[in-house]
Amino acid sequence: NPSYVATHPALSIVYALDEQEDAGTVYAYRVESRNAQVQLELFDSCASLGACCAHVAVDPSGQYLAASNYAGGPVTIVPLEASSGKFRQPEALVPSPPKQAFPGPIPSRQDRPHPHQTIFLEGSIAGGLLMATMDLGQDRVEFWRCEQGAKSTTTSVGAFYLTPGCGPRHAVHSAEHHPGWLFVACELSSTLAVCQIDAVEGTGHVVQESRIGPARGTSAWAAAAIVLDKRGERIYCSTRCEDGAGEGALSVFRVLQGASGQRSVECFQTIGTGGGCPREIAISPCGSSLLVCHQDSMPFISCFSIDSSSG
């Protein structure tokens, strides 16, 4: 059950998760071209050290991989060999103590910690890396500091909480365009949270929340994926119709910057994705197209053209 994949930034390697309810595994594949065909060759694997592993990410330098185990944690950091991309010894990270008791406002989904995604923050500190984990079960974002060296160590530096019951799922960050800001897609409330952060100090707060998807009606909507364009001007979010009654939706937001540097977002388009349960979305390398991957229906992938001027 390869629920998520990530590529190595320098080597021809794809890392894929095996999302199992008892114990997850991360696999490493070489990408090779043979007889004019692309083939994957499995060459390494390691335990994710948890169950229902939902997300994997590789840091921009290719030195570390982070795996988020949804069913109670933990977040796992795995050093990668520089020349081969093979796994070294995985480490289960110790989170900061929870601020609130379980279950949360939505008991069926917030019965315990549910780390859904961990990202490496751009523009990390000298001599180390900063990471952020979106914890759906605790409505919080946790920050980690990974000290690089002969024996790397990763520790929590703090966390901040979002609106109770919102369920943060995935996020985007850009040190180039929006330093000190994190944009979080919250699954349970189907909202986009604009957060001002200090990842070094492990602090943050929500400054704005905006609806993702159609206006509320008889159907329940759940935010899924989020991407930021290369210019840092537009955010795209997918949302799923939870009762299975119809197609998913894609919302497009302008990212606005105030005179004081304050960030906000404005939704200017919401359209159907053409299929059910859109999970992941991606912008093409040239920036002219956006791909939507559906879990429950055909077409499995829908392709949208992006207007170069309006987004």
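**Cysteines, a three-stranded sheet and selected residues**

The sulfur of C46 lies 9.1 Å from the closest cysteine sulfur, which belongs to C53, and this is too far for a bond. A disulfide is taken here as a pair of cysteine sulfur atoms within 2.5 Å. The structure holds zero disulfides. C303 is likewise in no disulfide, its nearest cysteine sulfur being that of C286, 9.4 Å away. The model is a predicted one, in which local features need pLDDT of at least 70 and side-chain atom pairs count only at pLDDT 80 or more, whereas totals for chains, interfaces and linings use all residues. Residues are numbered from 1 along each chain as its sequence is written, and side-chain values use heavy atoms, with hydrogens and water left out.

Accessibility is described in three classes: buried is under 20% relative accessible area, exposed is over 50%, and partly exposed is in between (1.4 Å probe, protein chains only). C46 counts as buried, at 10% relative accessibility. C303, with a relative accessible area of 55%, is exposed.

Strands (E, at least two residues) and helices (H or I, at least four) are DSSP runs, numbered from the N terminus. Two strands pair if DSSP finds at least two bridges between them. An open sheet of three strands follows the order β21-β22-β23, and its pairing is antiparallel. The edges are formed by β21 (278–283) and β23 (301–305); each has a single partner strand, so one side of each is left without a neighbour in the sheet. On average, neighbouring strands of this sheet are turned by 20 degrees against each other, direction ignored; axes are lines fitted to C-alpha atoms, for helices over the stretch in contact, and angles run from 0 to 180 degrees between N-to-C directions. Strand β22 (residues 289–294) is joined to β23 by five bridges, the two running antiparallel. V292 stands opposite S302 in β23.

R145 is located in strand β11 (residues 140–147). With a relative accessibility of 26%, R145 counts as partly exposed. Its side chain makes a polar contact of 2.5 Å with that of E147; such a contact is a pair of N or O atoms within 3.5 Å, where, within protein, one must be able to donate a hydrogen and the other to accept it, and residues adjacent in sequence count only if both atoms are side-chain atoms. The C-alpha atoms of R145 and L182 are separated by 17 Å, the residues being 37 apart along the chain.

S96 occupies the loop between β8 (91–92) and β9 (115–120). S96 counts as buried, at 18% relative accessibility. Apart from neighbours within four places in sequence, S96 is in contact (heavy atoms within 4.5 Å) with R140, E142, S156 and A159.
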